[in-house]
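Here are some notes on the model, set out as numbered points. They begin with the fold of one chain and end with the interface.

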Amino acid sequence: MTAYIIRRVIIGIIVLLLVTMLVFLLVRLLPGDPLMVYMGQFSVGGSGTTRITPEEYQFLYHQYGLDRSLPVQYIDWLGKIFHGDLGKSVTVGQDIGELIAERMPRTAYIGLITFVIGAVGGTFVGIICALRRGSWMDNTLTTLANIGMTIPVFWLGILLMYLLSYKLGWLPTHGWTHPLDNFGKHISQIIMPVLAMAVGSIAGLARLVRSCMLEVMRADYVRTAWAKGLQERVIVVRHQIKNAMIPVVTALGGAIGMILGGSVFIETVFGIPGMGRLMTTAIFDYDYQIVQAGVLLFGAIIIFSNLIVDIAWGWLDPRIRLA
Amino acid sequence: MADNLEPTPQPADAIGAAVAPPRRSEWRRFARVFFGRKLYLIGFIIVVIIILTAIFAPLIAPYDPLVTDLYATKQGPSSEHWLGTDQIGRDVLSRIIYGTQISLIIGFSAVFASAIVGMLLGLVAAHFGGWVFAVIMRIMDALMALPGIILVLLIAGLAGGGIGVVIFALGFGAIPGQCRMMCGLALSVKQNDYVLAGRAMGMSNWRIMLTQIFPNAFPPLMVGITMGIGGVVLGEAGLSFLGIGVMPPTPSWGGMVNDGQRYLLQNPLLSIAPGIAIMLLVFGFNMVGDGIRDAVDPKLRGVL
């Protein structure tokens, strides 16, 4: 098991390095001058937030080391990141590390609540559907799950806002309050964002859990368990659910990516000052250092959760860690 | 999904297999499974209607989607404007109808582009194995590590919107999925004796890949492509919603949801109607994908 974990960690680190390389290359190779990108505008004397003259441009070009070769620049950039130096935002003028430390906890907090609701809800609905397969409840829930997977998260957010805020007046339309400042207000503000994001996770997971359960129900060991005369409850819990959960664990890793991606939209719709909102505003302000840092952070979180998933797999299924 | 599709119980004499049951043609079997389930049929009808709408948009749309009418802004539904008008008096229904074209063009182009690149990489990885496999797969892992929308956001944000950029960004984001799928399928097809026979006959690597592995992995790949379209259309809607996708005044469903957001009280349909269009399209393609999958190979359920 230790060797397996070490191998997974090494692969995780390699993938993380590849992600940094990818992000670096994308920022450098896509149209747009990297210096302009860093300075927050598109062309010399252009329409960005700062204006510089051609002489200043030449000076800064050298200053930022952009006249060096790409690999040298990459190593230099990577070194800075490892020292926690993510650069300074050109628009906000704040250290990006500090900005992230301020914004990320909100995104993580809402994301975590959504994740728990999605995981528990999806598994529950999936199991119910599989056990009562073919019943009207199964048909209804499966159809709802199929529809749930197609709902754009931002649209659902707007629809909820229209119904619950504008029409019924039950919840505030948008905003963010720290839970320790005003807990009631805090809860009323996060209900809609969490709900809007959880629907997709529940639907996707429910579909997967259901099909995995149905797969397992046909397995030989389940037939044997019935033949042995075990109680239904024991068969369902110990044989079916436990085995059906193996592919579901992988999907949980994917759900984290989906929630992080969804946060970009949901924070925009509901005006929550989190990481997703930070990144979208940064794109419009041409503040690419922030976008770059945010993409790297999300990538790192997902690689880390995939690592956990891999380790969980190895623990659940001994065949995998020997492969 | 579709669990009533399991093989019907065989008559007792079939077990002895003295009389082999007559083989129906593959197409008839496909059609029986595909059209035998209501959801798949509904999905298929939705897709056909959407494709026809896109082709005949100029004939169906009651108004020009770009013409503004400042005397009739933010109107609710009426007999002249079935879904009302937007903030500068454009007919919402006409914009949704024309938006079909944009969504389908972007959906098909991005998925086909990513499928070609992804499948080629997947074939190469599966066929050569070893370090080639390791390098390609680790790069795909890295691409997969960024949530689709984040990678697409980075590309579209840097390159600055527009239909071409959106297709590139979404296509790029869809490569790893296509590559992994092709790779997995190719690895399993490779186990077959006919591939070994080809090799024994002295066929070149590329010839084996293109004439034997690819055609045999094709049906499940169709499923991946169909399912991919729904994902790409959702991605396009998302980008346009954020304002870095298809640029106004070109009608895009995601952009329309965003525009309408500010006028929810005057005419909620401005936001709600284009969202329903997105859902119908994605639902249709997902169901067709599910249907093809169950018709070609029900074992792939949960894998694809």
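1. A contact here means heavy atoms within 4.5 Å. The model is predicted. Take the contacts in chain A between residues at least 6 apart in sequence: 69% of them join residues at least 24 apart.

2. Chain A is helical throughout its list of elements, with 13 helices and zero strands. Of its 323 residues, 48% count as buried.

3. The domain assignment splits chain A into domain 1 (32-82) and domain 2 (96-322). Taken over C-alpha atoms, the centres of domain 1 of chain A and domain 2 of chain A are separated by 39 Å.

4. On the interface, the size of such a surface is often given as the accessible area lost when the parts come together. For chain A and chain B that buried area is about 4,500 Å², with 79% of it on carbon and sulfur atoms. Chain A gives 49 residues to the contact and chain B gives 47 residues.

5. Polar pairing between the chains can be listed briefly. Three residue pairs are in polar contact between chain A and chain B, both residues at pLDDT 80 or more. The count of salt bridges between chain A and chain B is one. That salt bridge joins the side chains of R207(A) and D290(B), at 3.2 Å from N to O.

6. Which elements of chain A give two or more residues to the side that touches chain B? They are α1 (2-29), α6 (136-148), α7 (153-167), α8 (183-217), α10 (232-269), α11 (275-284) and α12 (288-316) of chain A. By class, this side of chain A has 35 nonpolar, 10 polar and four charged residues.

Note on methods. Residues numbered from 1 in each chain as written. Chains lettered and ligands numbered in written order. Predicted model: local features only at pLDDT ≥ 70, side-chain atom pairs only at ≥ 80, totals over all residues. Heavy atoms only, no water. Buried area = accessible area lost by both parts, 1.4 Å probe. Salt bridge = Lys/Arg side-chain N within 4 Å of Asp/Glu carboxyl O. Polar contact = N/O pair within 3.5 Å; in protein donor to acceptor, adjacent residues only side chain to side chain. Helix = DSSP H or I, 4+ residues; strand = E, 2+ residues; numbered from the N terminus. Nonpolar A, V, L, I, M, F, W, Y, C, P; charged D, E, K, R; others polar. Domains from an automatic or database assignment. Buried < 20%, exposed > 50% of the residue type's maximum accessible area, 1.4 Å probe, protein only.
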